[in-house]
Amino acid sequence: MVSQVPNQSAFSGLSAQSRALLSDAILDEYSLDLIARYFRTMSRAGFILKDVKPPLVRMLIRVCDEFLPAVINGKIPPITASGRHLSIDQELLRGVPCSRPQRVLDVGAGYPPVTSRELVDALPRGSTAISLERRLPSYLLMKDQSSYAWVESDGRISFIRDEKDIPRNVLLREYQKFLRECLDAPASNMLTKTSRTPMANVEMVVGDLAHSPVLGSFDIARAMNIFSYYSVQARDELERTMLSYLKVDGVAVAGSNYWNGCEQRYFRWSKVDDRIISTAFTFTLDNAVPLGCTPWLDVWGGCPEVDLLGKFVAIIRNDAELVDALSHYFRESQSMVHDGMPLMDCYEVRKRELTNLRTSHLVGRAAGTLIAHGIACDVTCAGEIEVRI
Ligand SMILES: C[S@@+](CC[C@H](N)C(=O)[O-])C[C@H]1O[C@@H](n2cnc3c(N)ncnc32)[C@H](O)[C@@H]1O
């Protein structure tokens, strides 16, 4: 662990309070660089650093301290949440032939593969999905989105819980007890014994995309919340591997989003004849008045999605009238605000508000297309902006 005083120029615009928080945190060099990258991108995107609220700085420190090391070391178990990709799926379905059953590859789908199932359900009858997962614990116990435990095949128990003040040994005891109770009473609906055929039309395959498992070919491929955690070189290879599974006329998406569809940024590709064409970069409007920090985290430097997000948000933030309107909608819908920052629970409400804002405000301007600095962006019905590339 190093430096207590972040003196990089990236931090110079921050308020004294935010700087003090960073100074007091015990952060290694990697984390300081990551946070510096974050603030540099935010500045380029037109945000004023002195307006950054302390809860956001605390969130960044926690992400560096706990979340990222766990994800990077492969410790986060394969979890997901129903509904997470629904608005992305709507976009994916555009152009999919409505009569022919489709084969879907869902890379790192999480468990249970509810989002694979949701996509299959929206596709023509007879469509199927393969959920490719690097690892699958024997049992997964999920209390809520930030509190879960799992049992490995050798019986080891691991857990994650989003409460800092409880000592780890107390938590571990609590979880061991909880898990044993659940194992004794398998009817508990919180405990899932993981299975390779958990749902009709969805098959789990345990394998690492990096090893190009033999899977056949697919009409649709999706990889959400995975590639951003790999270095640029590794993600390029993973992307290429995923796209190599596409059939002619197939489509693919990869990027990141939050639990209920906001904080989105992702790329879309199509396979035309034998060529892969990158067709669109899409992000949700909430990124112009960010709710959290995840879409802006460039984990290893050089993440193309973070770079593009910064560029497009800079364009939007140049439009004072639009930013005012967005901020107004966010403020109006923030019934629960903690120290100037929205609480997670507000996300769903605000996403709905945002959709209203989009239709009344943006569509009124340019018939569904926001034209800024010569770049035409389609505003889609899910409150997203799609930039054709
Ligand atoms: C953060 S979770 C996202 C889960 C789900 N896609 C979602 O968006 O809710 C990332 C998942 O990707 C899986 N994963 C990461 N790298 C992988 C790889 N190279 N091959 C297969 N799965 C991978 C992890 O096991 C984990 O379940």
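The following conversation concerns a helix and three strands of a predicted model.

Visitor: What should be kept in mind about numbering and confidence?
Guide: Residues are numbered from 1 along each chain as its sequence is written. In this predicted model, local features need pLDDT of at least 70 and side-chain atom pairs count only at pLDDT 80 or more, while totals for chains, interfaces and linings use all residues.

Visitor: How do you know that the span of α7 agrees with its number of residues?
Guide: Helices are DSSP runs of H or I with at least four residues, and strands are runs of E with at least two, numbered from the N terminus. The expected span is 1.5 Å times one less than the number of residues; for the 13 residues of α7 (232–244) that gives 18 Å, and because the end C-alpha atoms are 18 Å apart, the two agree.

Visitor: What makes residues of α7 buried or exposed?
Guide: A residue is buried if 20 or more other C-beta atoms, placed from the backbone, lie within 10 Å of its own, exposed if 12 or fewer, and partly exposed in between. R235, L238, E239 and M242 are buried. Seen down the axis, the buried residues fall within an arc of 100°, taken from the directions from the axis to the C-beta atoms, so they line one face of the helix. On the other side, Q233, R240 and S244 are exposed.

Visitor: Why are β10 and β11 called paired?
Guide: Two strands pair if DSSP finds at least two bridges between them; β10 (265–272) and β11 (275–284) have eight, in the antiparallel sense. S270 stands opposite I277 in β11.
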